[in-house]
Amino acid sequence: MSSLSNSLCFGDMLSFTLTAFVELMDHGIVSWDTFSVAFIKKIASFVNKSAMDISILQRSLAILESMVLNSHDLYQKVAQEITIGQLIPHLQGSDQEIQTYTIAVINALFLKAPDDRRQEMANILAQKQLRSIILTHVIRAQRAINNEMAHQLYVLQVLTFNLLEDRMMTKMDPQDQAQRDIIFELRRIAFDAESEPNNSSGSMEKRKSMYTRDYKKLGFINHVNPAMDFTQTPPGMLALDNMLYFAKHHQDAYIRVSLWPLLRLTCFLLNFHAKLTKTGGLPLDE
């Protein structure tokens, strides 16, 4: 591989060399740990360039994915050479094979990263609007999604949802006033968003009766002490997080559906999704 590291291959010769390398490594004859930093940098450079031959880019992405998955040392070295920002443009093209390999590299980096690094990666993916990019350029593109792309999207979904496991398994403390205030805010937004938050008109008994009615409409099981609904895990505090996000960021829609048993629907969907994706476990191979 010295010819690659020393930039002695170009064009079709480079493409053929990378193809031969991928096929050689697939046989498991040579250890991934034998490759130099210079070789890793060279492969990464093919991915980081804004304009690169499709066949070279595809094989380079495949090599980086295998490096990350097959060697902890190589994961660390590849992570130093490749950033999420450098991978994102490859998802905005029209070649689905390149998009698939790009998501595969992101998944590999995600899978091998330490726990604290995974959360950092998730924050970067959100900042780079990965979800919106995938929706626009992959899911809503004018072509069918092939099986491998569907699998890589599933893997990405499982890996990112796993980050919510701790929140899903955290019970609410019914005595925590800050958490109870969030529940009060959910009721206020749904039923008297235009009134003053501290409006205390009416008798105490009348207001208690009104609150009980409102919590029932929102789908709470415990109408008197709604905090108790978040002590069941799953979905735990994740259900509260989701309802608050919905209420804050999609207030009009939240108000429209507030006559439905929204909490029960939220808990059902979170539990269903957790069972479907086996939250906390590794993605299935197929």
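How many Å should the 16 residues of helix α10 span, and how far apart are its end C-alpha atoms? Helix α10 covers residues 147–162, and at 1.5 Å a residue the expected span is 22 Å. The end C-alpha atoms are 23 Å apart, which agrees with that expectation. Keep in mind as you look around that this is a predicted model.

Let's stay with α10 for a moment. Several of its residues are buried: M149, H151, Q152, L153, V155, L156, V158, L159, F161 and N162. If you turn the model to see what these buried residues pack against, you will find α7 (96–112), α9 (130–139), α11 (165–168), α14 and α16 (262–277).

One of those partners, α7, deserves a closer look. Two packed helices are described by the angle between their axes and the distance between the axes. For α7 and α10 the angle is about 25°, and the axes are 9 Å apart. Angles under 35 degrees count as roughly parallel, so α7 and α10 are roughly parallel to each other. Their crossing is left-handed. On the α7 side, the contact is made by Q96, Q99, T100, I103, A104, I106, N107, F110 and L111, while α10 brings E148, M149, Q152, L153, V155, L156, L159 and T160. Sorted by class, this contact has ten nonpolar, six polar and one charged residues.

Just before α10 comes N146, in the loop between α9 and α10. Is N146 buried, or is it partly exposed? Its relative accessibility is 33%, so N146 counts as partly exposed. Setting aside neighbours within four places in sequence, N146 is in contact with Q96 and T100, two residues that also take part in the contact of α7 with α10. N146 and Y101 are 45 residues apart along the chain, and their C-alpha atoms are separated by 12 Å.

Now compare another helix pair, α12 (residues 177–192) and α14 (residues 237–249). These two pack at an angle of about 40°, with their axes 10 Å apart. That angle makes α12 oblique to α14. The crossing of α12 past α14 is left-handed. From α12, the contact draws on Q179, I182, I183, E185, L186 and I189; from α14, on M237, L240, M243, L244, A247 and K248. These residues divide into nine nonpolar, one polar and two charged.

Towards the start of the chain, look at α4 (residues 54–70) and α5 (residues 72–81). Their axes come within 6 Å and cross at roughly 130°, and α4 and α5 are therefore oblique to each other. Here L64, M67, V68 and N70 in α4 meet H72, L74, Y75 and V78 in α5. The class count for this contact is six nonpolar, two polar and no charged residues.

Helix α3, residues 37–48, allows the length check once more. Its twelve residues should span 16 Å at 1.5 Å a residue, and this agrees with end C-alpha atoms that are 16 Å apart. The buried residues of α3 are F39, I40, K42, I43, A44, F46 and V47.

Finally, find S209 in helix α13 (residues 204–217). With a relative accessibility of 46%, S209 counts as partly exposed. S209 and K112 are 97 residues apart along the chain, and 52 Å separates their C-alpha atoms.

Notes: Residues are numbered from 1 along each chain as its sequence is written. This is a predicted model: local features need pLDDT of at least 70, side-chain atom pairs count only at pLDDT 80 or more; totals for chains, interfaces and linings use all residues. Side-chain values use heavy atoms; hydrogens and water are left out. Axes are lines fitted to C-alpha atoms, for helices over the stretch in contact, and angles run from 0 to 180 degrees between N-to-C directions. Helices (H or I, at least four residues) and strands (E, at least two) are DSSP runs, numbered from the N terminus. Angles under 35 degrees count as roughly parallel, over 145 as roughly antiparallel, 65 to 115 as roughly perpendicular and the rest as oblique. A crossing is left-handed if the near helix is turned anticlockwise from the far one by less than a right angle, and right-handed if clockwise. Contact means heavy atoms within 4.5 Å. Ala, Val, Leu, Ile, Met, Phe, Trp, Tyr, Cys and Pro count as nonpolar, Asp, Glu, Lys and Arg as charged, and the others, Gly among them, as polar. The expected span of a helix is 1.5 Å times one less than its number of residues. Buried means under 20% relative accessible area, exposed over 50%, partly exposed in between (1.4 Å probe, protein chains only).
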